[in-house]
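Welcome to this short tour. Open your viewer, keep the selection tool at hand, and follow along stop by stop.

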Amino acid sequence: MKIAVIGTGYVGLVTGTCFAETGNVVTCVDIDKLKVSKLSNGQITIYEPGLEKIFLRNLKENRLNFTSDLKDAICDAQIIFLALPTPPDADGSADLKYVLGVAETIGKLLTSYKIIINKSTVPVGTAEKVRKAIELNYDGDFDVISNPEFLREGVAVEDFMKPDRVVIGTKSVKAIDVMNQLYAPFVRQGNPVIFMDEKSAELTKYAANSFLATKISFMNEISQLCERLGADVDSVRKGIGSDDRIGKRFLFPGIGYGGSCFPKDVQALIKSASEVEYDFEILKSVEKVNAIQKRHLVSKILKYYKRGLRDLHFALWGIAFKPNTDDIRDAPALSIINELCELGATITAYDPEAMPNAKILLGDKIGFANNQYEALKDADALIVATEWSEFRTPDFNRIIDSLKDKVIFDGRNLYNSSTLKQHDIEYFSIGRD
Ligand code: NAD
C-alpha cells in the first residue's frame with residue numbers, strides 16, 4: 001500500500017519505518033525542513049533501539065521517503081496517517097491546531113477516496129472535527145478513523161511490530177477492510193485488532209495512559225507510607241504484584257511520571273471530563289501526587305544538607321524521562337535540576353542518549369560529562385534520576401573515591417542498601433529509608 005505519515009516525530013518516524021518494513025511504500029512529511037533533510041540523508045533524528053537499522057534498510061530500498069511537501073506525499077497515498085503533536089493548551093486541554101490545520105489543508109488536496117487515520121492522542125470528538133475541517137474544501141468520498149498509538153518510547157519498534165492490540169475506531173466497512181490488510185503482518189501471533197466506534201477509540205488511549213499514571217501515583221503514595229511506617233516498598237511491591245489482578249508491571253515507585261504523554265494526557269482527560277460536567281476526582285489526585293513526588297528527592301537532599309545547598313555540587317546520572325530514549329520532555333530529572341539550581345547548587349549531568357536534547361534546553365545551566373564517572377568529579381553527592389542499565393551495577397569504589405560526601409540520592413531504587421552500607425556510602429532511595 002502507499003501510505004503518507006504526517007508528522008515525523010517519535011510516533012510518525014516509528015510508524016512510517018515499521019509500515020515500510022512490511023513492504024508498504026511510505027512517505028513521511030514534516031514541516032521541520034532540517035529534520036526532513038537529515039532523514040532523507042540517512043541521519044536518524046531520534047534515539048530508539050532497533051529503529052536505525054530498519055530505517056536505513058527501507059530508505060535504501062526506496063520504501064521510505066521524506067518530504068516537507070504535503071501535496072507530494074498524499075497525491076498517491078491510499079492512507080494518510082496523522083502523527084502530529086497535541087500539546088496541552090493553556091487550560092490543559094489538548095491543542096488541536098496542528099491536527100485540524102493539516103486536516104484543512106488535506107481537504108484542499110484530496111481528489112479521490114482516501115482514509116485519514118488519526119494516530120495522535122486526541123479528545124473524544126476529534127475525528128468528527130477532522131472530518132468537518134476536510135469538508136470545508138472537499139465534498140468527495142473519504143473516511144476519517146481513529147487508530148490511537150500505544151507504543152512505548154524505548155521499546156517503540158518492538159511495540160509497533162508486535163502490538164498487544166491494535167485499536168481502530170470506525171464504522172466504515174471500506175476502512176475496516178483496509179485496516180485489516182494493513183495490520184495483518186503485525187498481528188500474526190493472534191493479538192487482537194479491536195474495532196469499535198471512533199469516540200470509544202479516542203477515549204481508550206486516554207483511559208490507558210491515565211490508568212497507568214494512576215498505578216504509578218498509587219505506588220508512590222504507598223512508598224511515602226513505607227518511609228513513614230518503616231516498611232520496605234520493594235517487599236510490598238512484590239507482595240501485591242504477584243496477584244494477577246494487580247500485575248507486576250508499573251509498580252515501581254520513583255520520582256514521578258514524566259515524558260511527553262502521561263502528564264499531558266492526564267491533564268487533557270481531566271479537562272475533557274470537566275467539559276461534560278464530570279469531576280474526575282481520581283485523576284486530579286493522580287496529578288497532585290505526581291507533583292509532590294517530583295519534589296520528593298530534593299526534599300531528601302534538603303533534609304540531609306540542613307545548611308542549604310549553596311556551593312554544593314551534584315553529579316546527576318540520567319536526564320531522559322526513562323531509559324532507552326533521548327526524550328526529555330517533562331522528565332522528572334529536569335524538575336530536580338531546576339530546583340537544585342534555584343537553591344544555589346551546581347550540577348554535572350550524564351545521560352547515555354539524552355544529552356544533545358538536554359544541551360539545547362539547558363544550555364550552560366549545568367555541566368555535562370562524557371561518562372557517568374566523569375560526572376562525579378568534584379561532586380559532593382550523586383543523584384540517580386533515570387534507571388539506565390549502565391547505572392545499575394556501578395563501580396562503587398570509583399564513586400567513593402570521587403564524591404566528597406559519600407552519599408547517593410537514588411530516585412529509581414537501583415541499589416541494595418546493604419551493599420552500599422558495606423561500601424560506607426550513605427544511601428537514600430524511595431520508600432525504603
Ligand atoms: P513529536 O513532537 O515527536 O512529533 C511531531 C512531529 O510533527 C514533529 O516532527 C513536528 O515537526 C511535526 N509537525 C508539526 N506540525 C506539522 C505540520 N503541520 N505538518 C507536518 N509535520 C508537522 O510528537 P510525538 O511524540 O511523535 O507524538 C505525536 C502524537 O502521538 C501526540 O498526539 C502524542 O500524544 C501521541 N503519542 C505519542 C507517543 C510517544 O511515546 N511519543 C505514544 C503514543 C501516542
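Start by selecting the ligand and the side chain of Asp30: one of the ligand's oxygen atoms sits 2.6 Å from an N or O atom of that side chain. This is a polar contact, meaning a pair of N or O atoms within 3.5 Å; within protein, one must be able to donate a hydrogen and the other to accept it, and residues adjacent in sequence count only if both atoms are side-chain atoms. With the ligand still selected, consider its surface: alone it exposes 830 Å², and the protein buries 88% of that (accessible areas are from the Shrake-Rupley method with a 1.4 Å probe).

A word on what you are viewing: this is a predicted model, in which local features need pLDDT of at least 70 and side-chain atom pairs count only at pLDDT 80 or more, while totals for chains, interfaces and linings use all residues. Residues are numbered from 1 along each chain as its sequence is written, and side-chain values use heavy atoms, with hydrogens and water left out.

Next, show the backbone of Thr121, where an N or O atom is 2.9 Å from a ligand oxygen. At Leu84, a polar backbone atom is 3.4 Å from an oxygen of the ligand.

Now select the whole shell, taking residues with a heavy atom within 4 Å of the ligand. There are 27 residues around the ligand, and the closest are Asp30, Lys35, Thr86, Glu153 and Lys264. Helices H1 (10-21) and H5 (97-109) each supply at least two shell residues; helices here are DSSP runs (H or I, at least four residues), numbered from the N terminus.

Colour the chain by domain: domain 1 covers 2-196 and domain 2 covers 203-433, with bounds from an automatic or database domain assignment. Where is the ligand relative to domain 1 and domain 2? Both domains give residues to its shell, so the ligand lies between them.

For a last stop, select Asp32 at the start of helix H2 (33-40): a side-chain oxygen there comes within 3.2 Å of the backbone nitrogen of Leu34. Just after H2, Gly42 has a positive phi of about 85 degrees.
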